[in-house]
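Let's take a friendly walk through a protein structure together. Have the sequence and the 3D view ready, and look for each residue as it comes up.

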Amino acid sequence: MSKIIVNHKVISNQEKSLLTDKIGLIKDNLIHYHDDDVYVLVKILKGKVLLTRENNEFKISLNFDKSKASVTEYVIKNLGKTLELKTITKELIIKDNYVHVSYDLFINGSFSDSFIYELEWRCL
């Protein structure tokens, strides 16, 4: 695994979150880093991105495949509850050291919000 510097941006209609200059690890098509107390794993495949965010309280998995809907889960650990997540990927750009995803999120069948997730990284 190689060390990298990670920057990400998550924008929704409700809020904007920026993470800058965090140290992460990359091996092949897997990127690992922490967003405060949340462990983030990003798997980049040809035309597809898998995003997992997890801490002691929750685990959320999102699959992004351009112009397709994906169904995954949001697990609330302390309640033992699982919610169905559906993502509809509107835009997916994968370039060298850069990922951009625009998507709509539905929780248990109800529209939640529209999001933009951007990830950039560089060698340390």
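The report below starts with the overall fold and then visits the strands, the core, a pocket and a few single residues.

## The overall fold

Keep in mind that this is a predicted model. What do the strands build together? Here, 10 strands close into a barrel. Their order around the barrel is S1-S2-S3-S4-S5-S6-S7-S8-S9-S10, and the pairing is antiparallel. From one strand to the next, the twist averages 25°.

If strand pairing is new to you, here is some background. Strands of a sheet pair through backbone hydrogen bonds, and the pairing can be parallel or antiparallel.

## From S4 to S6

Let's follow the chain through part of the barrel. S4 and S5 are antiparallel partners, with 7 bridges between them. One place to see this pairing is Leu41, whose bridge partner in S5 is Thr52. The hairpin of S4 and S5 has 2 residues between the strands, and Gly47 takes a positive phi near 75° there.

Next, S5 pairs with S6, again in the antiparallel sense and over 7 bridges. Look for Arg53, which stands opposite Ile60 in S6. The hairpin that joins S5 to S6 does so through 3 residues.

## From S6 to S8, and the last pair

How many bridges join S6 to strand S7? There are 3, and these two strands run antiparallel. Ile60 turns up again here, standing opposite Tyr74 in S7. Between S6 and S7 the hairpin has 3 residues, and Ser67 has a positive phi near 60° in it.

S7 (residues 69-76) is joined to S8 (residues 81-95) by 8 bridges, and this pair is antiparallel too. Ile76 stands opposite Lys81 in S8. The S7 and S8 hairpin has 4 residues between its strands, with Gly80 in the turn at a positive phi of about 60°. Further along, S9 (residues 98-107) and S10 (residues 110-123) pair in the antiparallel sense over 10 bridges. In that pair, Ile107 has Ser110 in S10 as its bridge partner.

## The nonpolar core

Now look at the largest nonpolar core, which has 26 residues. Those with the most contacts inside this core are Ile31, Tyr33, Val42, Leu62, Tyr103, Leu119 and Trp121.

Try picking out Trp121 and its surroundings. Leaving aside neighbours within four places in sequence, Trp121 is in contact with several residues, including Ile4, Ile5, Val6, Ile26 and Ile31. Other contacts of Trp121 include Ile44, Asn97, Tyr98 and Val99.

## The largest pocket

Which residues lie nearest the centre of the largest pocket? They are Val10, Arg53, Ile60, Tyr103 and Phe115, out of a lining of 22 residues. The elements that give two or more residues to this lining are S1, S5, S6, S9 and S10. The volume of the largest pocket is about 460 Å³.

You have met some of these residues already: Arg53 and Ile60 stand opposite each other in S5 and S6, and Tyr103 is among the core residues with the most contacts.

## Two buried polar residues

Is Asp65 buried or exposed? Asp65 counts as buried because its relative accessibility is 18%, which is under the 20% cut-off. Asp65 lies in strand S6 (residues 58-65). Apart from neighbours within four places in sequence, Asp65 is in contact with Gly47, Lys48, Thr89 and Leu92.

Ser70 is another residue to find, this time in strand S7. With a relative accessible area of 12%, Ser70 is buried. Not counting residues up to four places away in sequence, Ser70 touches Asn63, Leu85, Lys86 and Thr87. Ser70 and Thr87 are 17 residues apart along the chain, yet their C-alpha atoms are separated by 5.3 Å.

## Two aspartates with positive phi

Asp21 has a positive phi of about 50° although it is not a glycine. Asp21 lies in strand S2 (residues 16-27). With a relative accessible area of 48%, Asp21 is partly exposed.

Where is Asp36 found? Look in the loop between strand S3 (30-35) and strand S4 (38-45). Asp36 is not a glycine either, and it has a positive phi of about 55°. Asp36 is exposed, with a relative accessible area of 63%.

Terms used
Residues are numbered from 1 along each chain as its sequence is written. This is a predicted model: local features need pLDDT of at least 70, side-chain atom pairs count only at pLDDT 80 or more; totals for chains, interfaces and linings use all residues. Side-chain values use heavy atoms; hydrogens and water are left out. Two strands pair if DSSP finds at least two bridges between them. Axes are lines fitted to C-alpha atoms, for helices over the stretch in contact, and angles run from 0 to 180 degrees between N-to-C directions. Buried means under 20% relative accessible area, exposed over 50%, partly exposed in between (1.4 Å probe, protein chains only). Contact means heavy atoms within 4.5 Å. A nonpolar core is a set of buried Ala, Val, Leu, Ile, Met, Phe, Trp, Tyr and Cys residues joined through side-chain atoms within 4.5 Å. On a 1 Å grid over the protein atoms alone, a cavity is a set of points where a 1.4 Å probe fits but cannot get out, and a pocket is an open set with protein on both sides within 12 Å along at least five of seven lines; lining residues have an atom within 4 Å of a point. Grid points are joined across faces, edges and corners, and a volume is the space filled by probe spheres set on the points.
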